[in-house]
Structure formats: structure tokens, C-alpha cells
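User: I'd like to go through this model with you and ask how each label was earned. Could you take me through it?

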Amino acid sequence: MPVEITWWGHATCTVRDGNIRVLTDPLFARRLAHLRRRQGAVPPDGARHADVVLVSHLHADHLHLPSLAGLAPGTRLLVPRGAPRAVPGLRRLRQLWVTEVVPGDAVRIGELLVRVVPALHDGRRLPVGPRRSPALGYVVEGEARTYFAGDTGLFDAMADRVGPVDVALLPVGGWGPYLGEGHLDAARAARALARLAPRAAVPVHYGTYWPIGMDAVRPHEFHAPGDEFVRLASVAAPGVAVHKLGHGESVWLEVAR
């Protein structure tokens, strides 16, 4: 059975593997603080349906409480260890089944196994204060092994820590004119792709949100990362099929192992 990947914008994707729907870093908002959604409609209500939701780290564009509050009661939610302490609003979402995880954990969701892997990123809720929670990536193992990187920089042990994967959902940009430490731009994402060597990849985390009033500041950082990743990946990892999706678009991937 093929695996279906739908990109809703930013780091929000639905991975349908077998009969299980996995939702990553749900962000269903037109505006978040100083950011506004410049491309792609807010995902429809059906995008909120998931058997398990994966939260990669505590930044508000990845752990978005209003979006999590709209999930169906009983939805399984995996968050970095320490998240409920660092983000007290999580404790009020009593309708969700919240599980705290760290790299090395594995959680069974029906016929899927979700492995928790490390990410190189500042996982704190705010840029100051104690580092209470790690940033995470996840590998969803079922019909395919699908790697959701969350936010991460390139690190030497990435391929070893992530392990063999068939599909990689890689961040290739951000939400502002400059990327700080612990991020992948298109060039670094292409290098990561060469190390991971999956069969297919989908670029995410670009071309959706941008700071209000900064439309004219380095606009190529908003528009260009997806195409730039496709171009660079064709050189760095020519054997990988890269699927650049529009907002709300899906791709079905046949994975034979």
C-alpha cells in the first residue's frame, strides 16, 4: 500500500501510512504573534483528524496550543519530555492523550512504530530561560519509514541516529529573512538528504508564514527555498525523488523494501 504525504504549510504534514493518520506540528492559524500566513489557505477541518500527533519542539509555531485544542478528544499526542511543565497550557488539554518522549523512545500506534530521534535545535519555549525540553525528530515506521525532522541543523551523526528511511520531510527555510543556528536551509537540507539517502523527500517549513511588515525584506528567503532545494538535491542526491508540494497538495509514494 502506498504512503500518502500531504503538506498543509510550514511544518504541518499528514502522513497516512496504512490505516493510521499521523499529523506533524499542527499550525492552523492565519496569524501567530508577528507572523501572518502569506501563502496557502488555513487547512480544512479534516486536516485536524489524526490518530497521533507529533510535536517536535516547544516553539509556538510548532507547539501551537489553539491548534492542539482543536484536535478530537482522545487523540494521541507525543511531545518532548518536560513540555507540560514548560508550557502549562498543555496541561489544560485534558481531552488529549499526552505522552512525553525523548530520543531513543519508541511508541506503538496501531500497526505503526514511532521512533523518537534527536534534532539539533534550541527546544526551549522562549529564547531565554532554562533548557527544559529537547528538540526532536520522529521516524514513522509502517509500510514506509518516514522521517519528520522538525527543526534541526545538520549534525555529523544524523544518518546514524535517524537510521535508514524511505521518505524524508526536511525543513528547507524558515519564517523570517534570516535563519539562526540549528536550522536547515536549502543547501544544508540537500547535504542532509545525501547523508540520509531516502528514496523520496518532501521539502517543508518554508513559504507559508512571514513577519508582518517585512514583505520586501529578503523576499527570496520566503519564495525560493523549495525550488532551490530541488535544484541542489538533484546534484547532492541524484537518486532521491524530490516532491515539491503546494499547500494542501498530496503525493502517494510506493515504497518497496
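**Helix faces and a cavity**

Analyst: Gladly! In α4, the buried residues are Ala186, Ala189, Ala190, Ala192, Leu193 and Leu196. Bear in mind that this is a predicted model.

User: What makes the buried residues of α4 line one face of the helix?

Analyst: Looking down the axis of α4, its buried residues fall within an arc of 160°, so they line one face. Those residues pack against β12 (145-148), α3 (158-162), β13, β14, α6 and β16. Just after α4 comes alanine 197, with a positive phi near 50°.

User: How do you know that the span of α6 is close to the one expected?

Analyst: Helix α6 (residues 225-236) has twelve residues, and 1.5 Å a residue gives an expected 16 Å. From first C-alpha to last, α6 reaches 16 Å, close to that expectation.

User: Why are Pro225, Gly226, Phe229 and Ala233 called buried, and where do they lie on α6?

Analyst: Buried means under 20% relative accessible area, and these four are the buried residues of α6. They fall within an arc of 90° seen down the axis, so they line one face of the helix. Their cover includes β13 (167-171), α4 (186-196), β14 (200-204), α5 (220-223) and β16 (241-242).

User: What makes the space lined by Gly173, Gly174, Gly176, Pro177, Tyr178, Leu179 and Glu221 a cavity?

Analyst: A cavity is where a 1.4 Å probe fits but cannot get out. The search finds one cavity of 30 Å³ or more, and the largest holds about 30 Å³ of space. Its lining divides into three nonpolar, three polar and one charged residue.

Methods. Residues numbered from 1 in each chain as written. Predicted model: local features only at pLDDT ≥ 70, side-chain atom pairs only at ≥ 80, totals over all residues. Heavy atoms only, no water. Helix = DSSP H or I, 4+ residues; strand = E, 2+ residues; numbered from the N terminus. Expected span 1.5 Å × (residues − 1). Buried < 20%, exposed > 50% of the residue type's maximum accessible area, 1.4 Å probe, protein only. Arc of directions from axis to C-beta. Contact = heavy atoms within 4.5 Å. 1 Å grid on protein atoms, 1.4 Å probe; cavity = no way out; pocket = protein on both sides within 12 Å on 5 of 7 lines; lining within 4 Å. Points joined across faces, edges and corners; volume = space filled by probe spheres on them. Nonpolar A, V, L, I, M, F, W, Y, C, P; charged D, E, K, R; others polar.
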